[in-house]
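Biologist: I am new to reading models of this kind. Could you take me through the features in turn?

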Amino acid sequence: MFGYIIKRLLWIIPVLIGVSLILFGIMQLIPGDPASVLLGPKASQEAVDTLNERFGLNKPIYTQYYLLMKNFITGNLESIYYRVTVISIILDKLKATIELGLTSLVIAVVLAIPIGIVAAVKKNSFFDYFSMMLATLGISVPVFFTGIILIYIFSVNFNLLPSSGYGGSLLTVQGWRHIILPAVSLSSILIASTSRLTRSSMLDILQEDYIRTARAKGLKEKIVINKHAFKNAMIPVITNIGNQMATLFGGAILTETVFAWPGIGRLAVKAVSYRDQPLVFGTILVLSFLYVLTNLFIDILYVFIDPQISYS
Amino acid sequence: MKKKIIPLILLIAKIYVLYNNWIVKNKFWNSLQIKIATVFSIFVLILLLLIVFKPDIFSYFKQKEILYKSYREFIKNKGGVAGTIMIFIIIYLALCAPFVAPFEPDEIDYANMSASAPNLTHPMGTDDFGRDILSRVIYGSRVALGVAFASVFLNAFIGISLGLIAGFYGGKVDNLVMRLVETWNSIPFILLALAIIAALGKDIINVIIAVGLTGLINFARITRSSVLSVKEKEYVNAAKALGSSDFRVIKNHILPNVVSPIIVIGTLRIGQAILLVASLSFLGLGVQPPLSSWGTMLKRGQEYLIQAPWISMFSGLAIIITVMSFNLLGDALRDALDPKQID
């Protein structure tokens, strides 16, 4: 098992090299001379030459890639718009993104799994229909629209929570007040898909023979559900949460934009609008790294949850 | 007779709309948009006439056993039926926008400048320039559907080709292609679209390319696994032994087996693509103004949320209804086309 975890950890390296190669390849799609595109049509020849020199843009393509990666890792890659190193800007914004992501993940798990279980146990009840209708709706609602509606209700109409910005550390009340709306809207999609899947997975498990056996030997329904059904039903649910991570990361970009949350997602959008290629490269690479890391974490989680899979 | 009432009402409504546009407003063949609307209207008109006066033309489909069984399975699913009806309405609105929308999308109503609330002339209100929201939502459906369909076609084409190559040739090629697709997939899809747009620039064609290149893994995986499951079958070997080329084997013996999962994935992908395009437009990186798109409207709507909430509410509702219709249809198709249930 330990060997498996090490193997999975090492697998990150080729994936990240692949991702950086893909991003580098996409950067090569910039039509025309990259330096003059980056600096705009009015740039002087001198400025173009300096930029070419700095990024090695006039060197062969593999040298360009090597220079880009070397500069990025050693922290020398500079943003064109902000004039500081990419790494320093990203590290500055990383905390806010991680806080937002984790909070919404926690909200989603805490709400969605109980909803799904209750809906499955009380199949065809009012609660079941109502929650599953909401979930079907929830999958189709874009996160930014959820965000706008939440702002409209809680900030504009009732004036309860701030509509945008970062409130500082999560240890303070102000920090919590600011994070509630973005975290809830980001978690909405995850809640919808997770509760639907928990319900269907629970329904499948509740028909199994061992559940009938457990009931037949006179166990309380509560124990049957909590001990026998729950753990087995969670395996597909966790797979789904892993698959939904891409949506969560994409949603983070949108939520950060709606709520002016100072995270990497918003930084990436700014970088794209300014066409600041080094910053685009850095932000997307770091976000992909986080994404790969969360998926890895979920894969490792299986080791502890699913005894049927052997990792030798 | 009872069954004919709905098509009859639709027919009368259609004739009224056409009379109003062709004869009263003299919109028949003036511009490309109106030409498309006219051609499509004639098509709808013929279809409605056939349904009302000659309903037995559809008996052909009833003879096709498998189609009819799928159809009966499909009809049972109320959500799927509702989704299909909604999609028909949305496609109709999109193609016939100049005939149905009460105003031009960029027409400024000087009597209702600066965001007036919903009223009788403007059922959904106007935006900050005094443009009719209802008309902009209707015109927005063309952009949404157009970009979504185009990008899903691109997506399916590339994904299916990769899946076919990986599955058919196997071995090292399979390994290489699938690792490549997996790495491609390890960049979250919005980020990948952002990177592509950062390189190519903001433009509607680039949005199609960006959305079309994300999420290839779904199509590639399903095609590959279907190919693997039929590759060793006798009829494929027989075709090969008879000297069929690879292309012919793929076209005649392998692709037909993949059609139904691809239809399901494609339908679900269209909903996702609409969401993604709206997201990109919301970020200001997708469809650019003055073209009316739902995402751009939502972005402006957020700026005027306090004074004019209707701008964002109605464009948001349009996105939700469209995406939900495609999701419902996709789910229903998955149940109906499942070969296990048809047997």
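The two speakers go through the chains, some helices, the contact between the chains and a few loop residues.

Biologist: Where should I start?

Modeller: Start with where the coordinates come from: this is a predicted model. Then look at the elements of each chain. Chain A has 12 helices and 0 strands, and chain B has 16 helices and 0 strands.

Biologist: How far does the C-alpha trace of each chain span along its principal axes?

Modeller: The trace of chain A spans about 85 × 55 × 35 Å. For chain B the figures are about 75 × 55 × 35 Å.

Biologist: What share of the residues in each chain is buried?

Modeller: Burial is judged by counting C-beta atoms around a residue: 20 or more others within 10 Å make it buried. In chain A, 37% of the 312 residues are buried. In chain B, buried residues are 41% of 343.

Biologist: And how do I read the contacts within a chain?

Modeller: Take the contacts with a separation of 6 or more, and ask how many join residues 24 or more positions apart. That share is 67% in chain A and 70% in chain B.

Biologist: Which residues of α1(B) are buried, and which are exposed?

Modeller: The general idea comes first. An α-helix has 3.6 residues a turn, so residues three or four places apart point the same way. Now the case: the buried residues of α1(B) are K14(B), L18(B) and N21(B). They lie on the same side of α1(B) because they cover an arc of only 70 degrees around the axis. The other side has exposed residues, including I5(B), I9(B), Y16(B) and V24(B).

Biologist: What do the buried residues of α1(B) pack against?

Modeller: They pack against α2 (32-53) and α6 (97-100) of chain B. After α1(B) comes N26(B), which has a positive phi near 60 degrees.

Biologist: How can I tell whether a helix is straight?

Modeller: Compare the distance between its end C-alpha atoms with the span expected at 1.5 Å a residue. Helix α1 of chain B, residues 5-24, has 20 residues and reaches 27 Å, close to the expected 28 Å. Helix α8 of chain A, residues 173-206, has 34 residues, but its ends are only 42 Å apart, short of the 50 Å of a straight helix.

Biologist: Where does α8(A) bend?

Modeller: At S188(A), by about 35 degrees. α8(A) is also mostly covered, with 24 of its 34 residues buried.

Biologist: Can you show me one residue of that helix?

Modeller: Take I191(A), which is in helix α8 of chain A. I191(A) counts as buried because 25 other C-beta atoms lie within 10 Å. Leaving out residues up to four places away in sequence, I191(A) touches A108(A), L111(A), A112(A) and G138(A). The C-alpha atoms of I191(A) and A112(A) are 4.9 Å apart, although 79 residues separate the two along the chain.

Biologist: How many residues does each chain bring to the contact between A and B?

Modeller: Chain B brings 35 residues and chain A brings 39. On the chain B side, α8 (171-185), α9 (189-200), α13 (246-282), α14 (294-303) and α15 (309-337) each supply at least two residues. α9(B) gives the most, with 10 residues. By class, this side of chain B has 26 nonpolar, 9 polar and no charged residues.

Biologist: Which residues touch the most other members of the largest nonpolar core?

Modeller: The core has 149 residues, and those with the most contacts to other members are A268(A), I284(A), A193(B), L194(B), A195(B) and V277(B). Its largest share, 15 residues, comes from helix α7 (residues 133-169) of chain B. Beyond its neighbours within four places in sequence, A195(B) is in contact with L23(A), I26(A), V280(A) and I284(A).

Biologist: What should I look for in the loops?

Modeller: Look for a positive phi in a residue other than glycine. N124(A) has phi near 65 degrees and is in the loop between α5 (86-121) and α6 (126-140) of chain A. A260(A) has a positive phi of about 50 degrees, and its loop runs between α10 (221-258) and α11 (264-274) of chain A.

Biologist: Why do N124(A) and A260(A) count as exposed?

Modeller: A residue is exposed if 12 or fewer other C-beta atoms lie within 10 Å. N124(A) counts as exposed because it has 8 such neighbours. A260(A) is exposed with 12.

Technical notes
Residues are numbered from 1 along each chain as its sequence is written. Chains are lettered from A and ligands numbered from 1 in the order in which they are written. This is a predicted model: local features need pLDDT of at least 70, side-chain atom pairs count only at pLDDT 80 or more; totals for chains, interfaces and linings use all residues. Helices (H or I, at least four residues) and strands (E, at least two) are DSSP runs, numbered from the N terminus. The expected span of a helix is 1.5 Å times one less than its number of residues. The arc is that of the directions from the helix axis to the C-beta atoms. Two residues are in contact if their C-beta atoms, placed from the backbone, lie within 7 Å. Ala, Val, Leu, Ile, Met, Phe, Trp, Tyr, Cys and Pro count as nonpolar, Asp, Glu, Lys and Arg as charged, and the others, Gly among them, as polar. A nonpolar core is a set of buried Ala, Val, Leu, Ile, Met, Phe, Trp, Tyr and Cys residues joined through C-beta atoms within 7 Å. The bend at a residue is the angle between axes fitted to the seven residues ending there and the seven starting there.
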